[in-house]
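Here are my notes for someone opening this one up for the first time. Have a look at the model, then read through the points below.

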Amino acid sequence: MNIRAFFALTLPDSVVRWLADHADTLCEFDRKTEINWVDSDRYHLTLCFLGDINLNQVEELEKCAREKLADFSSFQVHINKAEYYKVNKRLALVAALPDLHEELQVLHELMINVATEAGLKYEEDDFKPHVTLGRLPGKNTFKAPKEWPALDMYSLADSVVLFQSKPGEDGSIYTPLFEIPLKDLA
C-alpha cells in the first residue's frame with residue numbers, strides 16, 4: 001500500500017493564529033476566487049515532500065531520520081514573507097516562506113538525505129521550505145501583488161514530523177506517522 005508523505009515542522013498555536021490572520025489579509029488579492037485557502041488547523045512548515053512511499057519505507061525513514069537528527073539542535077525559524085510559488089505545472093501556492101538561514105537549509109538538506117538513504121528518489125530541485133496558505137491550479141490568472149503585506153514572525157523548530165497526506169472533502173488530511181524531537185536549545 002502506498003501513501004503520500006512529507007517531512008515538516010509543526011507550528012505552535014500562536015504562529016498558526018498569526019498566519020491565519022495574514023492569510024485573511026491576502027484574500028483581497030484573490031479577486032477571481034481561484035485560491036483554495038487552507039484551514040489554519042492544517043498549517044505546518046513543509047521541509048521535504050516525498051510523494052508516494054510504501055509502509056516499509058516508513059520504518060526505514062524513521063530509522064535514518066533518528067540517526068541523522070540525533071545531534072541536531074532546535075532553532076528559531078523566521079517566517080518573513082509570503083509569495084506566489086509555482087510548484088509544478090499542475091500546482092501553485094500562496095505560501096508563507098521562512099528566511100532560509102543556515103540551520104533551516106541544513107535541516108532541509110538532511111531530510112532529503114534521509115529520503116535518498118531510505119531508497120526514495122527526490123526530484124524537486126527548486127523546492128522551498130514553506131507554509132501553504134492556499135493552493136491553486138498551475139494554470140491560473142492570479143496576479144501576485146507587487147508588494148505583499150509584511151510578515152515577521154518566529155517559530156521554534158523543535159521536532160521533525162513525517163506526515164501522511166490523504167485527500168479529504170475539505171482539503172488534505174494530515175496524520176503524523178512519527179515525530180523526532182530535536183535537542184533542546186537550553
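**Notes on two helices and two pockets**

1. Start with the outside of helix 1: Asp 13, Arg 17 and Asp 24 are exposed there, on the face turned away from the helix's buried side. Bear in mind that this is a predicted model.

2. Now flip to the other face. Val 15, Val 16, Leu 19, Ala 20, His 22, Ala 23 and Leu 26 are the buried residues of helix 1. They sit on the same side of the helix because they take up an arc of only 165° around its axis. If that spacing looks odd in the sequence, remember that an α-helix has 3.6 residues a turn, so residues three or four places apart point the same way.

3. What do the buried residues of helix 1 pack against? Strands, namely strand 2 (36-37), strand 4 (75-86), strand 5, strand 6 and strand 7 (153-157). As for length, helix 1 covers residues 13-26, 14 in number, and spans 20 Å between its first and last C-alpha, close to the 20 Å expected.

4. Helix 3 runs over residues 102-117, which makes 16 residues, and its end-to-end C-alpha reach of 22 Å is close to the expected 22 Å. Its buried residues are Leu 104, Leu 107, His 108, Leu 110, Met 111, Ile 112, Val 114 and Ala 115. Just after helix 3 comes Gly 119, with a positive phi near 90°.

5. The buried residues of helix 3 have these packing partners: strand 1, strand 3, strand 4, strand 5 and strand 8, plus helix 2 (55-69).

6. On to the open spaces. The largest pocket holds about 650 Å³, and 26 residues line it. Look for Arg 4, Phe 49, Val 87, Leu 91 and Arg 135 if you want those nearest its centre. By class, the lining has 12 nonpolar, seven polar and seven charged residues.

7. Which strands each supply at least two residues of that lining? Strand 1 (2-9), strand 3 (45-54), strand 5 (91-98), strand 6 (131-137), strand 8 (159-168) and strand 9 (171-181) do.

8. The second largest pocket has about 190 Å³ of space. Among its lining residues are Asp 13 and Val 16, and helix 1 has Asp 13 exposed and Val 16 buried. The lining also includes Ser 40, Asp 41, Arg 42, Tyr 43 and His 44, along with Phe 163 and Tyr 174. Five of the lining residues are nonpolar, three polar and three charged.

Technical notes:
Residues numbered from 1 in each chain as written. Predicted model: local features only at pLDDT ≥ 70, side-chain atom pairs only at ≥ 80, totals over all residues. Heavy atoms only, no water. 1 Å grid on protein atoms, 1.4 Å probe; cavity = no way out; pocket = protein on both sides within 12 Å on 5 of 7 lines; lining within 4 Å. Points joined across faces, edges and corners; volume = space filled by probe spheres on them. Helix = DSSP H or I, 4+ residues; strand = E, 2+ residues; numbered from the N terminus. Nonpolar A, V, L, I, M, F, W, Y, C, P; charged D, E, K, R; others polar. Expected span 1.5 Å × (residues − 1). Buried < 20%, exposed > 50% of the residue type's maximum accessible area, 1.4 Å probe, protein only. Arc of directions from axis to C-beta. Contact = heavy atoms within 4.5 Å.
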